[in-house]
Amino acid sequence: MRIITGKYKGKRFDVPHSFKARPTTDFAKENIFNVLRAYVDFEECRVLDLFAGTGSISLEFLSRGCPEVTSVERDRQHFGFIASCLRSLGDPAARPVCGDALRFIDRASRSYDLIFADPPYALRELPELPDRVMNSALVTEDTLFVLEHGKNYDFSERPDFLEHRAYGSVNFSIFRKPKPDEHE
């Protein structure tokens with residue numbers, strides 16, 4: 001796993017073969033970050049990475065200069081790997097959390113500028129994630145929510161849906177609460 005761009009560009013981390021997580025492909029990662037650049041200023045963006053897995057997405061946000069990146073991962077082995085990667089960078093913006101992402105959403109007491117969720121594609125609660133996140137304390141009217149998912153999901157009918165991007169078998173849906181003055 002390598003960091004694509006930013007201050008840690010080219011840095012590599014060896015993901016243990018025993019991991020169940022599937023890191024987002026470099027191709028998909030590079031493209032979704034290019035899309036996100038049109039929505040947010042990374043250097044002013046407080047990020048929440050739910051279902052952090054290998055930490056690949058968190059590392060990309062840190063490399064792009066985000067002042068705060070919270071990574072939530074339940075699996076203790078994966079969390080240990082993420083924490084080790086973050087320690088090796090020594091970046092004070094990194095905030096690893098060992099915990100269940102769904103509980104983190106439900107118990108949230110503060111908001112973020114950007115929330116990225118890459119749950120297991122087989123997660124039973126995946127179809128309800130946009131509701132859970134968008135109706136939580138994690139979100140303000142300016143928060144951008146990015147959900148990585150399989151091709152069988154279509155969230156385009158939601159009023160908070162912005163756009164869908166597909167890169168090979170990797171799909172992203174992007175959401176933001178509609179502004180009160182936005183009418184269809």
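In this predicted model, E73 sits across from C98 of strand β3. The pairing to which these strands belong is a parallel one: strand β2, covering residues 68-73, lines up with strand β3, covering residues 94-98, through 5 bridges. E73 is thus a convenient place to start reading this part of the sheet, with C98 as its opposite number in β3.

What links the two strands in space is a helix. Helix α3, residues 76-89, joins β2 and β3 in a β-α-β unit, and the handedness of this unit is right-handed. For readers tracing side chains along either strand, a general reminder may help: in a regular strand, side chains alternate between the two faces of the sheet.

Stepping back to the whole chain, the protein contains 5 helices and 7 strands. Read from the N terminus, their order is α-β-α-β-α-β-α-β-α-β-β-β. Helices and strands thus take turns until the run ends in β-β-β.

The overall dimensions come next. The C-alpha trace extends over about 45 × 35 × 35 Å along its principal axes. The radius of gyration of the protein is 15 Å, in agreement with the value near 16 Å for a compact globule of 184 residues.

Burial and contacts complete the picture. Of the 184 residues, 51% are buried. Among contacts with a separation of 6 or more, 70% are between residues 24 or more positions apart. The exposed surface of the protein amounts to about 9,200 Å², of which carbon and sulfur atoms contribute 47%.

Methods
Residues are numbered from 1 along each chain as its sequence is written. This is a predicted model: local features need pLDDT of at least 70, side-chain atom pairs count only at pLDDT 80 or more; totals for chains, interfaces and linings use all residues. Side-chain values use heavy atoms; hydrogens and water are left out. Two strands pair if DSSP finds at least two bridges between them. Helices (H or I, at least four residues) and strands (E, at least two) are DSSP runs, numbered from the N terminus. A crossover is right-handed if, with the strands pointing away from the viewer, the path from the first strand over the helix to the second runs clockwise. The radius of gyration is taken over C-alpha atoms; the globule rule is 2.2 Å times the number of residues to the power 0.38. Buried means under 20% relative accessible area, exposed over 50%, partly exposed in between (1.4 Å probe, protein chains only). Contact means heavy atoms within 4.5 Å. Accessible areas come from the Shrake-Rupley method with a 1.4 Å probe; for residues, only the protein chains shown count as cover.
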